[in-house]
Amino acid sequence: DALRLEREPDALRDEYGLTLFGQACLTARRLLEADAKIVTVCWDEFGQTDESWDTHYDHHSRMKDFLLPAFDKAFSALMLDLDRRGLLDDTLVLCLSEHGRTPTFDITAAGAPGRGHWSRAYCQLFAGAGVPRGQVVGSTNSTAGDVVERPIDPKDILRTAYHLLGIDTNRELLASPGRPVPIVAGGQVVRE
């Protein structure tokens, strides 16, 4: 039943956006209401290259015309809907990326500027499960190329997520053949 989006009012479906990502976010909310413990939504507009975040070419128009509006519509609708239904206090929402984008543009063969992969600075969004609202932790330099205040490691993100989910981050699991492995090797809980 949670996967039957046709049971939602058209107005709410429109609120999320009639994109694959928008409807996947709505499905995520329905799965949470059906008591799913962990739900993952990936941005994948079903192989449509121009709709991927890999903006190596034609960065400006792709961000302006589709990527940012579609993401903003779906993500904000999810946050509002979870909050309205009383689910946000008990639901940890993470919006994660494996890297950012170069602080400068490259001009491609077609003449349309693009941006490459950049792992030195990028952002993550946390919401719900006790995360304070409306705060920014850390900052970059003026080109968003390097972190200048409060760097956060991916292991910090993982340790913080486990902590917010009530999982002991110092716990070890037994791997085959009985070898102890830490749930998270390194990292600190981001107290902010």
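# Exercises on a predicted chain

Arg150 sits in the loop between β8 (147-149) and α4 (154-164). Helices (H or I, at least four residues) and strands (E, at least two) are DSSP runs, numbered from the N terminus. The model is predicted: local features need pLDDT of at least 70, side-chain atom pairs count only at pLDDT 80 or more, and totals for chains, interfaces and linings use all residues. Residues are numbered from 1 along each chain as its sequence is written, and side-chain values use heavy atoms, with hydrogens and water left out.

## Exercise 1. Confidence

Task: find the mean pLDDT of the chain, then the elements with the lowest and highest mean pLDDT.

Solution.
- Start with the scale. pLDDT is the predictor's confidence in each residue, from 0 to 100.
- Take the chain next. Its mean pLDDT is 92, and 96% of residues reach 70 or more.
- Now rank the elements. Strand β3 (residues 106-107) is lowest, with a mean of 84. Helix α1 (residues 10-16) is highest, at 98.
- Keep one caution in mind. Where pLDDT is low, predicted coordinates should not be read in detail.

## Exercise 2. Overall layout

Task: count the helices and strands, and give their order along the chain.

Solution.
- Count first. The chain has four helices and 10 strands.
- Read the order from the N terminus: α-α-α-β-β-β-β-β-β-β-β-α-β-β.
- Add the extent. The C-alpha trace spans about 55 × 45 × 40 Å along its principal axes.
- Add burial. Of the 192 residues, 33% are buried (under 20% relative accessible area; exposed is over 50%, partly exposed in between; 1.4 Å probe, protein chains only).
- Finish with contacts (heavy atoms within 4.5 Å). Among those between residues at least 6 apart in sequence, 55% join residues at least 24 apart.

## Exercise 3. The nonpolar core

Task: state which residues touch the most other members of the largest nonpolar core, and which helix gives the most to this core.

Solution.
- Define the set. A nonpolar core is a set of buried Ala, Val, Leu, Ile, Met, Phe, Trp, Tyr and Cys residues joined through side-chain atoms within 4.5 Å.
- Pick out the hubs. The largest core has 21 residues; Tyr16, Met79, Leu82 and Val93 touch the most other members.
- Trace the sources. α1, α2 (20-33) and α3 (59-84) each supply at least two core residues. α3 gives the most, with 10.
- Zoom in on Leu82. Setting aside residues up to four places away in sequence, Leu82 touches Arg29, Leu32, Leu87, Leu88 and Val93.

## Exercise 4. Unusual backbone

Task: describe the phi of Ala129 and of Arg150, and the peptide bond between Ser176 and Pro177.

Solution.
- Recall the background. Most residues other than glycine have a negative phi, and most peptide bonds are trans.
- Check Ala129. Its phi is positive, near 50 degrees, and the residue is not glycine. Ala129 lies in the loop between β6 (125-127) and β7 (139-140).
- Check Arg150. Its phi is also positive, about 55 degrees, and Arg150 is not a glycine either.
- Check the bond. Ser176 and Pro177 are joined by a cis peptide bond, with omega about 0 degrees. Pro177 is in the loop between β9 (172-175) and β10 (179-182).

Which of these residues is buried, partly exposed or exposed?
- Ala129 counts as buried because its relative accessible area is 16%.
- Arg150 has 31%, so it is partly exposed.
- Pro177 has 80%, so it is exposed.

## Exercise 5. Loop and tail residues

Task: place Val131, Thr102 and Gly186, and list their contacts beyond four places in sequence.

Solution.
- Val131 is in the loop between β6 and β7. At 18% relative accessible area, Val131 is buried. Val131 touches Leu92, Phe126 and Leu164.
- Thr102 belongs to the loop between β2 (100-101) and β3. Thr102 is buried, at 12%. Its contacts are Arg115, Gly116, His117 and Trp118.
- Gly186 comes in the segment after β10. Gly186 is partly exposed, at 36%. Lys155 and Arg159 are its contacts.
- Try a distance too. Gly186 and Ala11 are 175 residues apart in sequence, and their C-alpha atoms are 45 Å apart.
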